[in-house]
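Welcome! Take a moment to turn the model around on your screen, and then let us walk through it together, from the whole chain down to single residues.

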Amino acid sequence: MTQENKYFIEAENAAEMARLLKLDRLLTKAMGGTLPELAQEELANLHDVLDIACGPGGWAVELANTYRSLRVTGVDASEIMIRYANGFAETSGRSNAHFKRMNALSLPFIFSDQSFDLINARLIVGFMQTTFWPHLLKECQRILRPGGILRLTECEGGIVGVTNSVGCEILNRAGVLALHRAGQCLTPNDAQLGNTAVLPSLLRQTGYQSVRHVAHAIDWSTNAPWHNACCQNALIGFQLLKPFLLKHQAITEQAFQQAYQRMERELQTEDFCGMWYFVTVSGTNPPQ
Ligand SMILES: C[S@@+](CC[C@H](N)C(=O)[O-])C[C@H]1O[C@@H](n2cnc3c(N)ncnc32)[C@H](O)[C@@H]1O
């Protein structure tokens with residue numbers, strides 16, 4: 001089974017790769033590390049970890065560096081991401097991290113049954129079609145060992161959370177609308193992304209056990225520690241997202257330019273406020 005890939009940004013693009021590298025450092029640090037919610041006993045049971053849609057490999061290499069006995073595999077559909085990730089692992093001396101090209105929308109995956117103790121996927125809303133989620137969750141069950149953990153992290157609210165910038169909110173709104181129109185959101189209400197509300201139920205319905213969640217909020221207001229990094233992400237990210245927004249008629253070219261310029265000004269003001277919300281949902285594959 002293969003579904004058409006409609007990733008919302010051109011993935012073979014060096015600017016997108018640079019954005020993802022910075023975003024990874026920001027998210028992993030702001031969320032408290034690579035696997036912050038796992039207890040020591042759970043960490044001790046990990047041997048093989050898969051990162052789906054790993055981008056340029058930042059999370060996977062950091063995991064392999066933090067837990068050196070782990071074997072970490074990252075997969076991504078983009079050739080330049082995988083090439084960079086393998087080079088990054090090599091120059092970091094991480095022979096326990098490997099990266100392969102794989103389309104996560106094409107089943108079955110290239111891995112045999114019960115290959116992994118943990119599967120991670122962070123920010124896959126950009127290519128996941130609503131109808132494909134149940135198939136992905138089932139396929140992860142097949143390649144997880146009994147007792148293995150599936151761990152999904154998605155953002156919530158608008159594309160870059162919630163802000164008091166009028167320009168940014170126009171673009172946030174267009175991004176959410178375009179993702180709903182593209183069939184990539186799990187809730188019918190197109191006022192917000194909504195996937196984090198549905199993922200726990202979806203995991204339970206697929207048969208995952210001990211489903212739990214952890215929420216993170218990143219303050220990117222002026223003078224907050226993540227302000228500059230998040231501003232850069234918003235400025236570059238919305239430019240890269242523009243073709244997707246126009247394609248789904250979520251905004252016009254002229255309205256995009258006006259909102260973007262307004263956002264540029266507003267992000268630099270003393271009273272800019274922004275909060276970016278993430279939820280990590282995880283569940284355990286039942287023991288056999
Ligand atoms: C928003 S990035 C997230 C990267 C990484 N997970 C992180 O959190 O830093 C989404 C990634 O999905 C990849 N991607 C897009 N379509 C894909 C597909 N069909 N299968 C696998 N990866 C895909 C892109 O190349 C990109 O690296």
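The accessible surface of the chain is about 12,500 Å², and carbon and sulfur atoms make up 52% of that area. Please keep in mind as you read that this is a predicted model.

How does the chain look as a whole? Its C-alpha trace spans about 55 × 40 × 30 Å along the principal axes. A compact globule of 288 residues would have a radius of gyration near 19 Å, and the chain, with 18 Å, agrees with that. Of its 288 residues, 56% count as buried. Among contacts with a separation of 6 or more, 78% are between residues 24 or more positions apart. The secondary structure consists of 9 helices and 8 strands.

One stretch carries an annotation. In an unreviewed entry, UniProt lists residues 49–148 as "domain: Methyltransferase". Over these residues the chain is 33% helix and 27% strand, and the C-alpha atoms at the two ends of the stretch are 10 Å apart.

Asp51 is a good residue to visit here. You will find Asp51 in strand 1, which covers residues 48–52. Is Asp51 buried or exposed? Its relative accessible area is 3%, so Asp51 counts as buried. Leaving out residues up to four places away in sequence, Asp51 touches Trp59, Ala60, Thr73, Gly74, Val75, Asn120 and Ala121. Ser115 is 64 residues from Asp51 along the chain, and their C-alpha atoms are separated by 13 Å.

Now for two helices, set side by side:

| Helix | Number of residues | Expected span | Distance between end C-alpha atoms |
|---|---|---|---|
| Helix 6 | 16 residues | 22 Å | 22 Å |
| Helix 9 | 15 residues | 21 Å | 21 Å |

For helix 9 (residues 253–267), the span agrees with what 1.5 Å a residue would give. Which residues of helix 9 are buried? They are Phe256, Ala259, Tyr260, Met263, Glu266 and Leu267. Viewed down the helix axis, these buried residues fall within an arc of 130°, so they line one face of helix 9. On the other side of helix 9, Gln254, Gln258 and Arg265 are exposed. The cover over the buried residues of helix 9 includes helix 6 (166–181) and helix 8 (227–247).

Helix 6 agrees with its expected span too. Its buried residues include Gly167, Cys168, Leu171, Asn172 and His180. What do the buried residues of helix 6 pack against? Their partners are strand 6 (162–163), helix 8 and helix 9. Just after helix 6 comes Gly183, which takes a positive phi of about 80°.

The last stop is Phe244, which lies in helix 8. With a relative accessible area of 7%, Phe244 is buried. Setting aside neighbours within four places in sequence, Phe244 is in contact with Lys6, Phe8, Ala178, Leu179, Ala182 and Gln184. Two of these contacts, Ala178 and Leu179, are also listed among the buried residues of helix 6. Phe244 and Tyr7 are 237 residues apart along the chain, and their C-alpha atoms are separated by 9.0 Å.

Note on methods: Residues numbered from 1 in each chain as written. Predicted model: local features only at pLDDT ≥ 70, side-chain atom pairs only at ≥ 80, totals over all residues. Heavy atoms only, no water. Helix = DSSP H or I, 4+ residues; strand = E, 2+ residues; numbered from the N terminus. Expected span 1.5 Å × (residues − 1). Buried < 20%, exposed > 50% of the residue type's maximum accessible area, 1.4 Å probe, protein only. Arc of directions from axis to C-beta. Contact = heavy atoms within 4.5 Å. Rg over C-alpha atoms; globule rule 2.2 N^0.38 Å. Areas by Shrake-Rupley, 256 points an atom, 1.4 Å probe, with all protein chains shown as cover. UniProt positions renumbered as here; feature names shortened; annotations may be inferred.
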